Each structure stands twice: as structure tokens, then as C-alpha cells.
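The report below goes from the overall make-up of the protein to a few local features, and then to the packing of its helices.

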Amino acid sequence: MRTCNLYLFVFFLFTCISCTDISKEVEPQLVHSQIDFTLKTSCVSSSRIHNDTYFIGFDAGGFAILNRTTNEQRIVKTRPNRIYDILEESDSTFWLGVRNEGLIWIKIRDYKVIEEKQYSIKLENYIYEPNPITSYATYSITEDQGSLFLATSSGAYLLTKDDILKGDTLLKKIYRPDTHTEKHYRVNKILVKGKDVFCATETGLILADTTRTETKETPIKREILHLYESKDTLYASSQECRYVFDMKSKTVIDSIPVSSNEKYFAYIRPDAEVEWKLFSNKITFKNNNGKCSLKMCSILSSNYKNFIYEGEDFILITCNHTLYILSKHQNPLGDSNHVIAAIKKDDNQSFFITKEGRLHSFDCNTAVSNPVGILTGFDTQENIVDICLSPNYLWAITSKRLYKIDCEKHKATILGENKDYDFKSLAYFDDRLYVGSRKFLYAITNPDKNKKFDTIRTEPTIDYSNLYITDIVKRDSIYVSSLTKGVFRLHKDTLLSIPNSDFETIGSVQQMQTSQDKLYLLTNKGIYLKEKNAITLLNSTSTTKAIINNNNLLIGNTGIGCRDNNNVLHQFSTDLTFSDVAIVPNKYNENGLIDVFLGSSGGLYRYNLVNHKLQAITITPSTQISWIVIVSVVVGVLVIIGLILLFRSRAKADTKQQLEDALFNKIREAFNKKDTKEVEKLGAEFWAIHLQLRNHLKLSLDQQTIAVIYLAFPGIKPNKVANVIDRDSNYVSDDRRKINIQADKMKNKDLLCNKLYKSTLSTRQLNEKNSDISG
């Protein structure tokens, strides 16, 4: 019984673990990057002028101007007091919320403060007028239609647009309770919605208006640290609870206590399917696909007032010495949504491969994917370097292997494998597969049937064995780029160098693009255009990947940018790293490229070059995975049920055996006392336990009693039985033979019958133990 229990427990545990593994028990980490500062940070905000610029305040005073495109950091030094908030007024002027100094306006030149102005609070109930209070802290600055709403350590105040234009330096009170006669009353945040001013204070949520004529308390009575508004719903976060407030009816819809032991700091809900939660030491993300999270290195404290900033594609969090940059495009599904390679087949269809090794087909018009199946014969731990299509196959190279992939059968076959190849680029033109490596350019003619690698040579003046082929494209001819030797044109299986494309002139060529009969060269010095025999520099932008046409699409490690016809760069950062072999140009019109599909660790996205928007594309899950889960669970449940039934049947058998043993002990006692009635009574109890067996065996009452005695005393002599049940020993012998015949007919059908048959055999020899028992 104990063994069965152990097996049952182990199997149940194994089944639970297996099912959990299938459903991805491990929570993925948020897609993010981080920047560490030598100084302790205190706040973060964004430029209102430049999309890729952010401001990070420091606890010891001053702030950093961070450019996310170039990762350049410049420090503006101010007086040594904590910066609580930064609001950019223009390229050179800023509003600062400062500890013990209130609101400060500064003007900078070459990152140095050349002018500043300080704003004071005028308290109306002081005896001596005027009595400006300057020693206070401005925690948060909210701008609305040119006016500034200030959350301070002394209440909520306003600096109107007219006051700013007139140069007035006294702030007007919005809210401060009359019960607070001292200057300190914390207002952590202000949110302006039309005429309503929502104040997150130390005593709860307070509702005021822009005219400063009316204020009222709300049912929310705990200190509020953060406010977030979405579609007329206000989410107010305290350290213990999240409140949902209807901004139209001015009522509390819900209050949700925090289940975590960590302190709660902020809640962001951009839409119904997405939510972000910030705790003192972690941030979590949740959507319809699942959850992912990030553990922060340090702990947030109440000193932080503007610890979180939500941009169009980013969420920024500052904590201790670190700025966390989190893309709003997250992937809770892990490898099943991690796109590592993609290729366009025609105007309507594309293929892409995910990190888990699954091949998908993709409809470019409807943006719907269909799982083809798991690639067999392909190791996804090898990074795909390049990918291309022929009429019948999909081709992919890793640094060491060339794969031929049958898309219908989702089967990969290794066509070439050699550690010396070190593959770098791949292309298919005119029934030839071109493979660029660290040393040579190879060609495979009719690759569907042929596996022979032919080496293509250069003109005699250039060493053809050290080219480092980076890209292969076709325009009027086939062009081949080398990292160190420039650009070549393929002519009769010979590489001819292009004038003025050498390393000294244009640098290392990393990629080529063709568009409208033009050849663009992406190098480490910038983007060049080749027209006829001239090569000209278009711009010196350095990026990881580019798609060139009338619109210049730049794709790098920090996101996407698009340079328009006026050479203006529309750039934003998503902090998603897009795979170089998972970028698929999609739609074109007379003006060039309209949109492009991009694969990344966060999933598959469509980027529109007209409105500069990034749209996440849903990757249809495989039904095969679902069936695996269902079958595994069903099989597991059936096996568990079977084990339970087996355990119960064995338990019943054990119980029945215990009853038999107890009865046999009593029968032996009654038999030794020669108590015939007791033996018959106990025999009847035994056959009651085996009622079905009694009905099958056609035995008389005497025969049933004799059979039970033989079971209790295996091998007993007939004369011993006759002495007790008052019957002639010859009759006992006859009864024993009848019992034996009946039991023999059923001995293979019932264990007890088999036992009964053996007990009544006339040839059975007595052993010492049985002789002792029978007396």
C-alpha cells in the first residue's frame, strides 16, 4: 500500500510539472535596457520638443540631458538640492521643482545656468503682509494651456499663463487645508482634466477646479502617490491600494488592495487589455497573452515623486542610480513570439521563423499568421545570419551551416557544413544560390539538386580569399559588397571592383539596397548613393540596418527612424532590438515604401512610414501545441484515475484479507474447543463476505463448513474434521473431493477458488506448522 501511495504521488507530481512546463511556468523578463549614473537619480521626464530626449534629475542637484538616438549625456549643474521634476519650456529654458527652493525657472547656454528666477508662496493668513514663503519643495509640475499647476510640500498652487507673461513670482493657492497652519502639507501629484484639478495629497484625493473657487474631498482618504487617467477613469495609487475613480460622476468605482507584500507605487492602464504595476522593487506587465516582469536592483522610497514617465512607446523608471527603459511593446509568450527571421515570398505572403523553431506563413494584406509547423532538422540555437527564397525552397545560413527548408513539409536539410566557411550573406538569382563567407564568395548552380560549392574569383589585382562578403544584391548586374575591399560587380563569374568604393573612401560596406534603379551603400561612415560611375554621400547617419527609397527608413538597436523628402528625421525609440534578417519591406506606392514588417524578441510588428506608428501583429498560436497540452492532460488524468482505482481495489482486497484472517483465527479457536455451532456460524460469516463465490459453488451447508475448516487448517486430516463436526471421516473425504471438483472448475477465475482447490487436494502433505495448528 505504501509503495502504491509513493508511485501515485510521484506520478501526480510529474504530471503537474509537465503540464506547467508546457504552459510556461517561468515568467519572461520585460524587454528593457538600463542606464547607470554615478549620481543618485531623483526624477525622470521627457522633452516636449525632441522625441528622443529625456531629462533625469539628481538627488544632489542638477540634471542630465539624455539623447536616446546617440546615447549622449550632458549634465546641467544647479544648486545642490534634490530635483523633483523638470519641465522643458524651450531648447534652453526649463522649469525645475526643487527641494527647499520651490519652483525655479532657469536659462542655460552650453549646459550652464546663465539666468534663473525663483517663485514664492504667499500665505494669506499670515499677520505680516506680504510674507512670501520660499522654503518649500515643488514635487510635480503640470502644464495645461500655458499655466503651471504645482504639487508642493505646502499644498497645491497655480502660476497662470498671464502671471508668467507679466513676470509675477507669487503663486496662487489651489488647495491647502485650513487645519494645516504650518507650511508642510504634501501634494504629490496634480492631474488637470478640463476644469477639474485632481490633487494626490497626503490625506487622500482632493478635487478642485481651475478657478480656485471650490474644493472638495473624495472618499479616498489614504496618501496618493500616483495618478493615471484613461478614458475618463482615474487610477489613484497608494502604497496599499489602487482606487478606480469615475471622473464624470466623481465617484469611487472600486478599491483594490495590493496582495503583494511590496509597497505599491503606480498603476498604468493604456487600454482594457494592458496594465502595468509598479511596486517598490519590481514592475509587472500583463495583457491577454500573459505576464512578464522586471526585478529592479534597488528599492523605491517616498523621496521619489516623479519616479515613472509614460511616453508613446516607452515607460521610464528611475530608481537609485539606475534609469530603466521599458518598451511598451512587450512579449509575455517568450520564444513562441520571438521572431528571428522573415522573408517575403510575393505581394501577399511572407514566411517567418520564431525562436522556438516554428515556421509561420503570413498574409501581408490581412496581417494574419498561420503556423506551418515546427522545423525539423534545424537548430534554433544557431543564429540565422541571412535568409532568401527560391521558387521551391526557403534558404537560410548560420555562421557554420547552409540549410535548405521545404516550407510545405517544414523540414530543413543541411546543404553545406564546414567550420571554415563562416557564412555571412546569402542570395538567390537566376537558378544560382550565392553564399558569402568570411573568405570567399561561393555559387551553387541548380541548388535544388546540386550541392557543389564553386568559388568565384576576383580580378587578379585583388586577393579573392579574404573578402568578408557582407551583402549580395541585383540591379542591372549582381553586386557584392566586401567589408574591407569595397563593392564588386559580378561579370562572367569574376568579381570586378567598382571605382571609388574602397575602404579608404567610403569605409566598411555593411549592407546594400536597390531602389528605382539606384544602388545605396550603407557603411560605417554613412549612407552612399551609386549612380552610374559616381558615388556620393547622402548622409552620415550610422545605423544597424536601413531600407532606402524616397523615404529613408533607419532601423537600429534603439528603435526606428524615417528621413523624409526634406531630409527631416522622424525618429522614435522602442528599445526593441530588431533582427537584421527579420525585416520585410511590404507596401509601396509612387512615393516609395509605405510600411514594413519587423521581427524582434518582442514579436512581429508593422511600421507605417506615413504616420510613424508601430503596430503589434498577433502571431496565431499553433493548434498542435494546444492538442499536445490537451492530450497530455487527458492521458495524465486517465492514468491518475486508473492508479486511484487500482489503489482502491487493492485497499478493498487488503480489507477483505484482514477480515478473513480474523475469521480464521476465531474458527481455529472454536475448532480447538470443538464448538460445532460456533464453527458453523463463523463459516456462514465467511461465505457472506464471498457471497458471489458461494452462489457459483454448488456446495451444501456441511460442505461449506468443511471448506472453511480446510482454509483455516491447510492439509488437515479428515478424521480431525469428523471429530468436531460430528460426521464420519469417509463423508468428509467425499465432501472434500466434491469441493475440489467444484473449485477446480473455477480456479482460474477467482484467487479464492484457486486457494480453495489447493487446500482440498487429497495429495497435499502436512507441514509442521499446519500439524501444530490442527493439534
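## Overall make-up

Among the contacts in this protein that link residues at least 6 apart in sequence, 45% are between residues at least 24 apart. The model is a predicted one, and its secondary structure comprises 11 helices and 59 strands. Of the 775 residues in the protein, 49% are buried.

## Cysteines

The structure contains zero disulfides, a disulfide being a covalent bond between the sulfur atoms of two cysteines. Two cysteines can be described by their accessibility: Cys241 has a relative accessible area of 5% and is therefore buried, given that the cut-off for this class is under 20%. Cys753, with a relative accessible area of 0%, is likewise buried.

## The surroundings of Tyr235

Tyr235 belongs to strand S20, which covers residues 233-237. Is this residue buried or exposed? Its relative accessibility is 10%, and Tyr235 therefore counts as buried, the limit being under 20%.

When the neighbours within four places in sequence are set aside, the contacts of Tyr235 include His226, Leu227, Tyr228 and Ser230 on the one hand, and Arg242, Tyr243 and Val244 on the other. Tyr267 and Arg269 are also in contact with Tyr235. In the sequence Ala266 lies 31 residues from Tyr235, and the C-alpha atoms of these two residues are 8.8 Å apart.

## Positive phi angles in two loops

Arg212 is not a glycine, yet its phi is positive, at about 65°. The residue sits in the loop that connects strand S17 (204-209) with strand S18 (215-217). With a relative accessibility of 36%, Arg212 counts as partly exposed, because this value falls between the 20% limit for buried residues and the 50% limit for exposed ones.

His612, another residue other than glycine, also has a positive phi, with a value near 55°. Its place is in the loop between strand S58 (603-608) and strand S59 (613-617).

## Packing of H7 against H10

How do helix H7 and helix H10 pack, and at what angle? Helix H7, formed by residues 701-712, and helix H10, formed by residues 751-759, meet at an angle of about 85°, and their axes are 9 Å apart. Because angles of 65 to 115 degrees count as roughly perpendicular, H7 is described as roughly perpendicular to H10.

On the H7 side the contact involves Ala707, Tyr710 and Leu711, while H10 contributes Leu752, Lys755, Leu756 and Ser759. Sorted by class, the residues in this contact of H7 with H10 are five nonpolar, one polar and one charged.

## Packing of H7 against H8

H7 also packs with helix H8 (residues 718-725), here at an angle of about 125° and with the axes 11 Å apart. That angle makes H7 oblique to H8, because it lies outside the range of 65 to 115 degrees for roughly perpendicular pairs and is not over 145, the limit for roughly antiparallel ones. The crossing in which H7 passes H8 is right-handed.

The residues of H7 that take part are Thr705, Ile706, Ile709 and Tyr710, and those of H8 are Pro718, Val721 and Ile725. By class, this contact of H7 with H8 consists of six nonpolar residues and one polar residue, with no charged residues. Tyr710 of H7 thus appears in the contact with H10 as well as in the contact with H8.

Conventions: Residues numbered from 1 in each chain as written. Predicted model: local features only at pLDDT ≥ 70, side-chain atom pairs only at ≥ 80, totals over all residues. Heavy atoms only, no water. Axes fitted to C-alpha atoms, helices over the stretch in contact; angles between N-to-C directions. Helix = DSSP H or I, 4+ residues; strand = E, 2+ residues; numbered from the N terminus. Parallel < 35°, antiparallel > 145°, perpendicular 65-115°, else oblique. Contact = heavy atoms within 4.5 Å. Nonpolar A, V, L, I, M, F, W, Y, C, P; charged D, E, K, R; others polar. Left-handed = near helix turned anticlockwise from the far one by under 90°. Disulfide = S-S within 2.5 Å. Buried < 20%, exposed > 50% of the residue type's maximum accessible area, 1.4 Å probe, protein only.
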